[in-house]
Amino acid sequence: MRKQNKKILYAVSGGVAAYKAPDILHGWIKQGCEIETVLTKAAEAFVSPLPLSALSKKRVWREADFLSAEYGWQIPHISLAEWADVIVVAPCTANVLQSAASGSADTLLGAILLACRKPVVLFPAMNSNMLEHPATQENIEACRKYGYTVVEPDAGILACGAEGKGRLPSAETIYENVWKALCPKKDLSGKKVLVTAGPTHEYIDPVRYLSNPSSGKMGYALAKAAWYRGAEVTLVTGPCNIETISQIERISVTTAEEMYNVCTGRQKEADIIIKAAAVGDFRAAESSAEKIKRGGKEEFSVSFVQNKDIAAELGRNKPAGQLLIGFAAETNDLLANAEKKLLSKNLDLIVVNDVLQEGAGFGCDTNSVTIISAGGDKIEVSGTKEEVADAILDAAVKKQA
Ligand code: PMT
């Protein structure tokens with residue numbers, strides 16, 4: 001899904017977290033989005049319109065503009081609702097939740113929400129007692145019933161000094177939930193998808209390991225794309241420097257053996273398993289408990305033994321209806337080698353990438369792959385790892401239909 005040029009109507013309501021609004025807005029601008037901003041009357045007590053208009057390069061719509069002599073003729077609540085691809089309220093106060101739940105049109109934001117036929121994403125943020133009050137919870141339920149996405153707040157220290165649930169989630173969580181709301185495909189709703197990503201580290205001693213250059217980008221892109229499309233996602237990841245949001249379950253492992261244990265333990269729950277991790281094929285026969293010293297040695301040899309093949313084990317125990325997708329990182333005879341792996345590991349699809357090709361494979365933001373189906377179909381895809389992830393999921397959905 002292309003994120004550039006998305007039209008986001010960003011409404012800020014009057015909670016302390018409103019002070020974060022210029023930063024959140026700036027993040028969208030840097031991603032190439034176009035923003036119209038609405039400030040509720042209460043929000044103006046927490047954030048000035050000036051940084052929002054300076055960053056968005058547009059006027060900020062204020063309560064005073066609603067039904068005003070100067071701007072009322074533009075009917076801002078209708079024109080803004082029609083202009084936007086998505087409406088986001090962050091932070092969303094108890095008052096705005098109540099107004100949205102009751103379909104009240106007596107404020108600019110209330111009228112926009114009522115007039116809107118696009119996705120709406122609300123980020124409630126308030127004191128925990130206010131959040132947990134049955135009135136607020138009923139309003140949240142009502143908003144969900146209307147099809148709005150209401151994202152659970154984070155827990156932590158709140159502005160009032162209390163500790164509990166009610167914090168505005170990170171900007172990254174806000175962006176990801178908005179991309180999810182904008183994703184037109186929801187064909188993985190109700191499905192559980194398990195993705196593996198990144199390298200494994202096979203330790204020789206406490207400070208040295210055998211590994212590979214996998215950054216995790218391909219696997220993380222798959223996890224995110226599956227979540228955008230409605231799946232419940234578990235990401236089993238080797239050591240990587242990529243953040244994930246809490247709505248994607250992340251299980252961190254270091255070695256191939258740990259990844260094997262998690263994957264085989266979770267296999268039965270999954271509808272789709274995608275093995276994008278670059279699993280170490282070998283580990284040291286014996287790993288030293290202490291750092292191995294140079295100690296005047298001119299040469300030093302380590303004996304390696306094979307790790308278990310996780311994909312092959314999953315292929316042997318594949319329950320009916322489960323889709324198992326592997327990757328093949330190849331340097332020569334790409335298709336022949338990949339087809340052998342497809343058969344020997346009992347995979348349904350294999351994604352082959354030439355890891356020697358520039359702009360493909362390890363570390364980069366793009367990939368160039370052939371997706372081979374057990375039935376023989378082949379599709380070639382090149383693009384960002386997000387685009388390639390989406391094409392792999394298209395092939396998975398088609399195969400499982
Ligand atoms: O992480 P990035 O920097 O984005 O790079 C992406 C990638 C190049 C790592 C990814 O696109 C990729 O090709 N992943 C698979 C790498 C790999 O281990 O390929 P393989 O041909 O050695 O293994 C074939 C399949 O068996 C893979 O699905 C692999 O996860 C699986 N396998 C391999 C060994 C093992 N012991 N257990 C396994 O499950």
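A residue counts as near a molecule if one of its heavy atoms lies within 4 Å of it. In this predicted model, 27 residues surround the ligand. The structure also holds 22 salt bridges, and a few of its backbone angles are worth a look.

**The ligand and its shell**

- Among the 27 residues around the ligand, the closest are Ser214, Ser215, Lys341, Asn353 and Gly363.
- Backbone atoms of the protein approach oxygen atoms of the ligand: a polar backbone atom of Gly216 is 2.8 Å from one, and a backbone N or O atom of Ala277 also lies 2.8 Å from an oxygen atom of the ligand.
- For Ala329, the distance from a backbone N or O atom to an oxygen atom of the ligand is 3.2 Å.
- On its own the ligand has 780 Å² of accessible area, and the protein covers 96% of it.
- Helix H9 (217-228), helix H11 (310-316) and strand S17 (323-330) are the elements that give two or more residues to the shell.
- Strand S17 supplies the largest share of the shell, with four residues.
- By type, the shell has eleven nonpolar, eight polar and eight charged residues.

**Salt bridges**

- Side chains of opposite charge can pair when their charged atoms come close.
- Asp365 and Lys217 form a salt bridge, with their closest N and O atoms 2.9 Å apart.
- This pair links distant parts of the chain, 148 residues apart: Asp365 is in the loop between strand S18 (349-354) and strand S19 (366-373), while Lys217 is in helix H9.
- Asp365 counts as exposed because its relative accessibility is 52%, whereas Lys217 is partly exposed, with a relative accessible area of 30%.
- Arg229 forms a salt bridge with Asp390, and here the closest N and O atoms are 3.0 Å apart.
- The two residues are 161 residues apart in the chain, with Arg229 in the loop between H9 and strand S12 (232-237) and Asp390 in helix H13 (residues 385-400).
- Arg229 has 0% relative accessibility, so it counts as buried; Asp390, at 18%, counts as buried too.
- Arg229 and Asp390 belong to a network of salt bridges that also links Lys185, Asp187 and Asp394.
- Glu313 forms a salt bridge with Arg316, with the closest N and O atoms 2.9 Å apart.
- Glu313 and Arg316 are three residues apart in helix H11, so about one helical turn separates them.
- Arg316 counts as exposed because its relative accessibility is 61%.

**Backbone details**

- The peptide bond from Ala90 to Pro91 is cis, with omega near -5 degrees, and Pro91 is found in strand S4 (residues 86-92).
- Leu67 is not a glycine, yet it has a positive phi of about 60 degrees.
- Leu67 lies in the loop between strand S3 (60-62) and helix H3 (76-83), and at 67% relative accessibility it counts as exposed.
- Ile75 is another residue other than glycine with a positive phi, near 45 degrees.
- Ile75 is found in the loop between S3 and H3, and its 41% relative accessibility makes it partly exposed.

**A nonpolar surface patch**

- Val16, Tyr19 and Phe46 make a nonpolar surface patch of about 310 Å².
- Within this patch, Phe46 comes from the loop between strand S2 (34-39) and helix H2 (49-56).
- Phe46 counts as partly exposed because its relative accessibility is 36%.

Methods. Residues are numbered from 1 along each chain as its sequence is written. This is a predicted model: local features need pLDDT of at least 70, side-chain atom pairs count only at pLDDT 80 or more; totals for chains, interfaces and linings use all residues. Side-chain values use heavy atoms; hydrogens and water are left out. A polar contact is a pair of N or O atoms within 3.5 Å; within protein, one must be able to donate a hydrogen and the other to accept it, and residues adjacent in sequence count only if both atoms are side-chain atoms. Accessible areas come from the Shrake-Rupley method with a 1.4 Å probe; for residues, only the protein chains shown count as cover. Ala, Val, Leu, Ile, Met, Phe, Trp, Tyr, Cys and Pro count as nonpolar, Asp, Glu, Lys and Arg as charged, and the others, Gly among them, as polar. Patches are made of residues with over 30% relative accessible area and no salt bridge: like charges are joined within 9 Å, nonpolar side chains (Val, Leu, Ile, Met, Phe, Trp, Tyr) within 5 Å. A salt bridge is a side-chain nitrogen of Lys or Arg within 4 Å of a carboxyl oxygen of Asp or Glu. Buried means under 20% relative accessible area, exposed over 50%, partly exposed in between (1.4 Å probe, protein chains only).
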